[in-house]
Amino acid sequence: MLLRDAPRCRITGAGPRGQTICDQDVYRAKPNIKAADLEQRIHEFVNQERAKHGLLPLAWNPTLNMIARRHSQDMAKRNYFGHYSPEGRDVSYRYSEQGFVCELDMGAMCYTGAENIYENNLYDTVEYINDVPKLYHWVDLEAIAETTVKGWMSSPGHRRNILEPSWKTEGIGVAITNDNKVYITEDFR
């Protein structure tokens, strides 16, 4: 593990007699991020976006949190990324599997739930030597939460889910893999 705030040198050029020229960045340690803390911070950012658009905040729903976390864990464990599992099961199946009913009657339409997913990393860049990762530029919980919600807000479908006024609750589920990927699922009711 790298030491926090230790001087970092990258070869950015050779000086006289071949010395390494260093930049002024610092190493950061690999972040120790707890899934529950990241879930809550993403939830806060989602509600900030809703507030910017004059919408009420979404309440935290522990059942949706569990459903979302299980989907993120499944994606992480089986190395896929999608709203559908490899067996073709979607968010409606995941809701019903837990006995969770989501039916919001909106006149001509009936909402049965919605889901956003995002794949992030514990780092923003990696430096390789001979195709082997050697130096990770780690990010913190705040940056992961912020880039996740910014990513959703930049995607029309995900943005529409976040800004849907009919939703009253949500659950966020996070899974972090050994290879530093962060799978995030957001489920609505």
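Modeller: Buried means under 20% relative accessible area. Keep that cut-off in mind as we look around this model, which is predicted.

Biologist: Okay, so why is Arg 41 called buried?

Modeller: Its relative accessible area is 18%, and the limit for buried is under 20%. So Arg 41 counts as buried.

Biologist: And what makes Arg 41 and Glu 142 a salt bridge?

Modeller: Their closest N and O atoms are 2.7 Å apart, and the rule asks for a side-chain nitrogen of Lys or Arg within 4 Å of a carboxyl oxygen of Asp or Glu. Therefore the pair fits the rule. It also links distant parts of the chain: Arg 41 sits in helix H1 (residues 35-52) and Glu 142 in helix H4 (residues 141-153), 101 residues apart.

Biologist: Is Glu 142 called buried, partly exposed or exposed?

Modeller: Partly exposed, because its relative accessible area is 32%, and that class runs between the 20% and 50% cut-offs.

Biologist: How do you know that Lys 181 and Glu 119 form a salt bridge?

Modeller: The closest N and O atoms are 3.9 Å apart, and the cut-off is within 4 Å, so this pair counts too. Again distant parts of the chain are linked, with Lys 181 in strand S8 (residues 181-188), Glu 119 in strand S4 (residues 114-121), and the two positions 62 residues apart. Lys 181, at 22%, is partly exposed, and so is Glu 119, at 32%.

Biologist: Which helix holds both Glu 146 and Lys 150?

Modeller: Helix H4, where the two lie four residues apart, about one turn of the helix. They form a salt bridge, with the closest N and O atoms 3.1 Å apart.

Biologist: Why is Lys 150 called exposed?

Modeller: Because its relative accessibility is 51%, and exposed means over 50%. Glu 146, at 31%, counts as partly exposed. Elsewhere, salt bridges that share partners join Arg 41, Glu 44 and Glu 142 into one network.

Biologist: How many salt bridges does the rule give?

Modeller: Nine.

Biologist: What about the largest pocket, what is its volume?

Modeller: About 210 Å³. It is lined by 13 residues, and the closest to its centre are Arg 70, Asp 74, Tyr 93, Arg 94 and Glu 97. Helix H2 (62-78) and helix H3 (91-97) each give two or more residues to the lining, with the largest share, five residues, coming from H2.

Biologist: How does that lining divide by residue type?

Modeller: Into three nonpolar, three polar and seven charged residues. Asp, Glu, Lys and Arg count as charged, so Arg 70, Asp 74, Arg 94 and Glu 97 are in that charged group.

Key: Residues numbered from 1 in each chain as written. Predicted model: local features only at pLDDT ≥ 70, side-chain atom pairs only at ≥ 80, totals over all residues. Heavy atoms only, no water. Buried < 20%, exposed > 50% of the residue type's maximum accessible area, 1.4 Å probe, protein only. 1 Å grid on protein atoms, 1.4 Å probe; cavity = no way out; pocket = protein on both sides within 12 Å on 5 of 7 lines; lining within 4 Å. Points joined across faces, edges and corners; volume = space filled by probe spheres on them.
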